[in-house]
Amino acid sequence: LSLLLEATLLQLGSGSRHPFYNGFYYNHIMNDKGDGQEKVVYFNGARLVVETPKDPVYSFNGANVTLPCHYHFEPDLEVKRKIRIKWSKLRDDYTKEQDVLVAIGKTSVAFGDFQGRAHLRRAGRHEASLVVSDVRLQDDGKYRCEVIDGLEDESDVVDLRLQGIVFPYQPPRGQYRLNFHEAERACQEQGAILATFNQLFQSWSEGLDWCNAGWLADGTVQYPIRLPRKPCGGLHLAPGIRSYGPRHRHLHRFDAFCFSSALRGEVFYLDHPAGMTLQEAKQSCQDMGAEIARVGQLYSAWKFLGLDRCDAGWLADGSVRYPITKPRANCGPAEPGVRSFGFPSKGRFGVFCYKER
């Protein structure tokens, strides 16, 4: 048996000068530079090329978005076999992928949270664009479009960015009380998710300045500084994102930076001459066919809908806040923003409600 196996391997080795054939030839040949390096001649000289947009694709929560991807052969080639197309979502550091969709011919399968929301657009020849419906906050990120044709496997990356806002958050218990997992839950409870570094950087470039450190989605702890000052890293440091680096997700405790996108509904204010307790405020929203607004919804309404109200109102987490787009006397600082009265244990205020359209 060993002699037979050896003879078979020798026979295969002696025939290695003949290229493998799967509809196209795929040869490795020596280049003419004399450096011993190989170059690849693709499929009888035809090279597979995958192209995606270099600029980010922008969308928002609840929308439908198309991530463009096209492929072709150089020189042009009519392929009769079924091409395999795979879409994956990447981490920012490219170290891990999440399967989104795989398609062969007209058959496709979506995975995980993308089931029922993702499909291929086949509007033209050699198109592999991905259509995602009902975009969610966690869809923000980089996506790989991979096209596989026999031995050929080429890919390119599309950057999907949600239009949104980053806001710092701390719970009623006070500053630096959240480990990583509690920070994740706190953001979710406020209609948001933990922000990525790219989202925090974008908000910093738009003017966000916050001296308290908070968790980000990658498990690092950072904070954005526009105006350097002694308690925030020192006067000698330039403006930027200060980083504590990765921290222990169970033991270490900080605040959170949450990310929220545009709203599908509206935020509106209700008042009562005598004000309302928190429970009365929740009931008042329900009587209007709405629910008491979350912090992320108030920030989104302020940023994207221009909500401006110089009256404090309850929110779902028990905090009292109000949004100002046009600063004026008796409405807080001279800059636009969402003002906070903290978490009053008693008192009577108006309420901000949220209602789906």
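**Close-up 1. The second largest pocket of this predicted model has a lining of 30 residues.** Leu208, Trp210, Tyr299, Gly337 and Val338 are the lining residues that lie nearest its centre. Four elements hand over two or more residues each: E14, strand E19 (255-261), helix H5 (295-304) and strand E24 (337-340). E14 gives the most, with six residues. Sort the lining by character and you get 15 nonpolar, eight polar and seven charged residues. The volume comes to about 900 Å³. Domain 2 (164-260) and domain 3 (263-356) both supply lining residues, so this second largest pocket lies between them.

**Close-up 2. The largest pocket holds about 1,300 Å³ of space.** Its lining counts 44 residues, and Lys89, Asp92, Asp140, Thr196 and Ala217 are the ones nearest the centre. Among the elements that give two or more residues are strand E7 (84-90), strand E8 (97-104), helix H2 (180-189) and helix H3 (197-205). H3 has the largest share, at six residues. Here the lining splits into 18 charged, 15 nonpolar and 11 polar residues. Since domain 1 (47-162) and domain 2 (164-260) both give residues to the lining, the largest pocket lies between those two domains.

**Close-up 3. Phe114 and Tyr143 meet edge-to-face.** This is a look at one of the 14 aromatic pairs found in the whole structure. The ring centres are 6.3 Å apart and the planes stand at 85°, so the pair counts as edge-to-face. Phe114 sits in the loop between strand E9 (107-110) and strand E10 (118-121), while Tyr143 belongs to strand E12, and the two are 29 residues apart. Phe114 is buried, at 1% relative accessible area, and Tyr143 is buried too, at 0%.

**Close-up 4. Phe180 and Trp215 make another edge-to-face pair.** Centre to centre they are 5.6 Å apart, with 75° between the planes. Phe180 lies in helix H2 and Trp215 in strand E16 (residues 214-215), so the pair ties together parts that are 35 residues apart in sequence. Phe180 is buried, with a relative accessible area of 2%, and Trp215 is buried at 0%. Ring pairs also join Phe180 and Trp215 with Tyr176, Tyr223, Tyr244 and Phe254 in a cluster.

**Close-up 5. Two arginines have their charged ends over aromatic rings.** Arg249 places its charged end over the ring of Phe180, 4.3 Å from the ring centre. For Arg226, the ring underneath is that of Trp204, and the charged end is 5.4 Å from its centre.

Conventions. Residues numbered from 1 in each chain as written. Predicted model: local features only at pLDDT ≥ 70, side-chain atom pairs only at ≥ 80, totals over all residues. Heavy atoms only, no water. 1 Å grid on protein atoms, 1.4 Å probe; cavity = no way out; pocket = protein on both sides within 12 Å on 5 of 7 lines; lining within 4 Å. Points joined across faces, edges and corners; volume = space filled by probe spheres on them. Nonpolar A, V, L, I, M, F, W, Y, C, P; charged D, E, K, R; others polar. Domains from an automatic or database assignment. Phe/Tyr/Trp six-rings, centres within 6.5 Å; stacked < 30°, edge-to-face > 60°. Buried < 20%, exposed > 50% of the residue type's maximum accessible area, 1.4 Å probe, protein only. Lys NZ or Arg CZ within 6 Å of the ring centre and 35° of its normal.
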